[in-house]
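Visitor: I should like to learn how to read the packing of a protein model. Where might one begin?

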Amino acid sequence: MEHNKSYLYGILAGVITGVVILAVFALMRKRKSGKCREEFDERQEIARGKAFQYGFIAFLIFQLGYGIAEEIFEVSMGSGLESVLPGICVGMGVFGTVSIWKEAYFGLSEKAGRFIILFAVITVGNMICGINWILEPDRHGAGNLWLGVLFLVLLVSMGIRELKNRREEE
């Protein structure tokens, strides 16, 4: 699949926009709390390390399985980044879900509420582009579908965890 210049410019614009948004949020956070990075306690750091291990192992298993399937069944999810992104999303999904359930995804002073809103917006945006790709497969958008599914999994995990925490408080 050959990419035209407008597609590559679109990817570049998306990456630059994402970096700018992250930088703005980091500056706002630094001004508000005096620190740019959230703090985690020792239990959270250990849980995040384990979650990272699980995510990395899931990534490796997925990539191995995908490589075997591609060789044996001649199945391809795209070229370049489109073929690697599903494995990255699987690894990130495992890391995020394990971290959320071990209550290590958010720092000591962070609340899930604003992340739920942010992840909902990201999920909807990516799913719209991903569904458009399903309807018109000759266009690019498989990556958006994978990212939409990733953020949907994280969003559902956060929502269920929040409901469970509220029930335990009552």
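**Surface, helices and core**

Guide: The accessible surface of the protein chain amounts to about 11600 Å², with 68% of that area belonging to carbon and sulfur atoms. The model is a predicted one. Of its 170 residues, 26% count as buried.

Visitor: Which secondary structure elements does the protein chain contain?

Guide: The chain has five helices and zero strands. Its C-alpha trace spans about 50 × 35 × 25 Å along the principal axes.

Visitor: How does one check the length of a helix such as α4?

Guide: One multiplies 1.5 Å by one less than the number of residues. For the 24 residues of α4 the expected span is therefore 34 Å, and the end C-alpha atoms are indeed 34 Å apart.

Visitor: Against which element do the buried residues of α4 pack?

Guide: They pack against α5; among them are F115, F119 and M127.

Visitor: How should one read a nonpolar core?

Guide: In soluble globular proteins, nonpolar side chains tend to be buried together. Here the largest nonpolar core has 13 residues, and those with the most contacts inside it are Y105, F106, F119, L154 and M158. Two or more residues come from each of α3 (81–101), α4 (112–135) and α5 (142–169), with α5 giving the most, five residues. Leaving aside residues up to four places away in sequence, M158 touches I100, Y105, F106, F115, I116 and F119.

Visitor: Which residues make the nonpolar surface patch?

Guide: L12, I16, V20, I21, V24, F25 and M28 make a patch of about 640 Å². M28 lies in helix α1, residues 5–33.

Notes. Residues numbered from 1 in each chain as written. Predicted model: local features only at pLDDT ≥ 70, side-chain atom pairs only at ≥ 80, totals over all residues. Heavy atoms only, no water. Core = buried A, V, L, I, M, F, W, Y, C linked by side-chain atoms within 4.5 Å. Buried < 20%, exposed > 50% of the residue type's maximum accessible area, 1.4 Å probe, protein only. Helix = DSSP H or I, 4+ residues; strand = E, 2+ residues; numbered from the N terminus. Contact = heavy atoms within 4.5 Å. Patch = residues over 30% accessible without salt bridge, like charges linked within 9 Å, V, L, I, M, F, W, Y side chains within 5 Å. Areas by Shrake-Rupley, 256 points an atom, 1.4 Å probe, with all protein chains shown as cover. Salt bridge = Lys/Arg side-chain N within 4 Å of Asp/Glu carboxyl O.
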